Amino acid sequence: MDNEIPLIWTSKGNVPLDSLKMEAIWDIQKTYIKLIERYTDADGEVVKEGAHVYSLVGLTGESAVASF
Amino acid sequence: MANSQGMCSTFKKELLCGSHAFGAQAANGVRTVTTKDTFYAALFLASASRTVADTTYDTTGELAGTGNYTQGGIAVTNASAPTNTGTTAWWNPSASLQWVNLTSSGSFDAVLIYNYTSTSKLAVSVHTFGAQSIVSSTFTLTMPAADSSNALLRIA
């Protein structure tokens, strides 16, 4: 059990986790924060990429009324 | 033309006409909506042209139905009825939107919220988040804070 190599699911099937390079990329904007998890193989090909977006603020519809 | 976010113009009119029910309607003495509508969220390619001018959902510019993506999108969890705080009415989905084991058919940057219950799939709003591709992984959209300053849809 101690010698088991962790595998990770990619576009090339399950591959050893330690064969990939992982990058965490943050994209911070006024309206959202995005975390991108990118895995590339030895050839530099992106074999797995996920993203998680946290919306900081939604949309506002402004009300308007006429005066007499 | 690119996607741009906003509350759809026809949605505002439809609110005045009672076409959307995010929660059960308070009795108005004449009619009462006792069931709320179901809302869906669909992802659109960065090359698409989703804007506030959208009136209904359609597949134009949507991610292809490949890589574990189903056209039409996924249901929005709606466990919390709209409410108001002070002078602002607001509604927020009650869970994140998540596509798992996804490989997107291209770079996408927008989600369209629409009324799945309505016959013509009335558009509600477009939200953008920067171009993104997903490869054999998860895409998550986490909702803003559920309050009058940040909720996904607000009428001030």
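Trainee: What order do the strands take in the open sheet of five strands in chain B?

Mentor: Keep in mind that this is a predicted model: local features need pLDDT of at least 70, side-chain atom pairs count only at pLDDT 80 or more, and totals for chains, interfaces and linings use all residues. Residues are numbered from 1 along each chain as its sequence is written, chains are lettered from A and ligands numbered from 1 in the order in which they are written, and side-chain values use heavy atoms, with hydrogens and water left out. Strands are DSSP runs (E, at least two residues; helices are H or I, at least four), numbered from the N terminus, and two strands pair if DSSP finds at least two bridges between them. The pairing in this chain B sheet is antiparallel, and the order is E1-E8-E7-E2-E3.

Trainee: Which strands of chain B stand at the edges?

Mentor: Look for strands that have a single partner strand, so that one side is left without a neighbour in the sheet. In chain B those are E1 (6–7) and E3 (74–75).

Trainee: Which residue of E3(B) stands opposite B:Tyr40?

Mentor: Strand E2 of chain B covers residues 39–45, and two bridges join E2(B) to E3(B), running antiparallel. Across from B:Tyr40, in E3(B), you'll find B:Ala75.

Trainee: How many helices and strands does chain B have?

Mentor: Walk along the sequence and you'll read β-α-β-β-β-β-β-β-β-β-β. That pattern fits the tally for chain B: one helix and ten strands.

Trainee: What about chain A, how many helices and strands are there?

Mentor: From the N terminus on, chain A goes β-β-β-β-β-β. The tally for chain A is zero helices and six strands.

Trainee: What radius of gyration does chain A have?

Mentor: The radius is taken over C-alpha atoms, and the globule rule is 2.2 Å times the number of residues to the power 0.38. For chain B, with 156 residues, the rule gives near 15 Å and the chain has 16 Å, which agrees with a compact globule. Chain A fills a box of roughly 80 × 30 × 20 Å along its principal axes. A compact globule of its 68 residues would come in near 11 Å, but chain A has 21 Å.

Trainee: What share of chain A's contacts between residues at least 6 apart join residues at least 24 apart?

Mentor: A contact means heavy atoms within 4.5 Å. In chain B, residues 24 or more positions apart account for 68% of the contacts with a separation of 6 or more. In chain A, the matching share is 19%.

Trainee: Is strand E5 of chain A largely enclosed or left open, and how many of its ten residues are buried?

Mentor: Buried means under 20% relative accessible area, with exposed over 50% and partly exposed in between (1.4 Å probe, protein chains only). Across chain A, buried residues make up 32%. Strand E5(A), residues 46–55, is largely enclosed by the rest of the structure, because its count of buried residues is seven.

Trainee: Which residue of E5(A) stands opposite A:Arg38?

Mentor: Strand E4 of chain A (residues 32–40) pairs with E5(A) in the antiparallel sense over nine bridges. The hairpin has five residues between the strands, and A:Gly44 takes a positive phi near 85 degrees there. Opposite A:Arg38 in E5(A) stands A:Glu49.

Trainee: And which residue of E9(B) stands opposite A:Ala51?

Mentor: E5(A) also pairs across the chains: four bridges join it to strand E9 of chain B (residues 137–142), and the two run parallel. A:Ala51 sits opposite B:Phe139.
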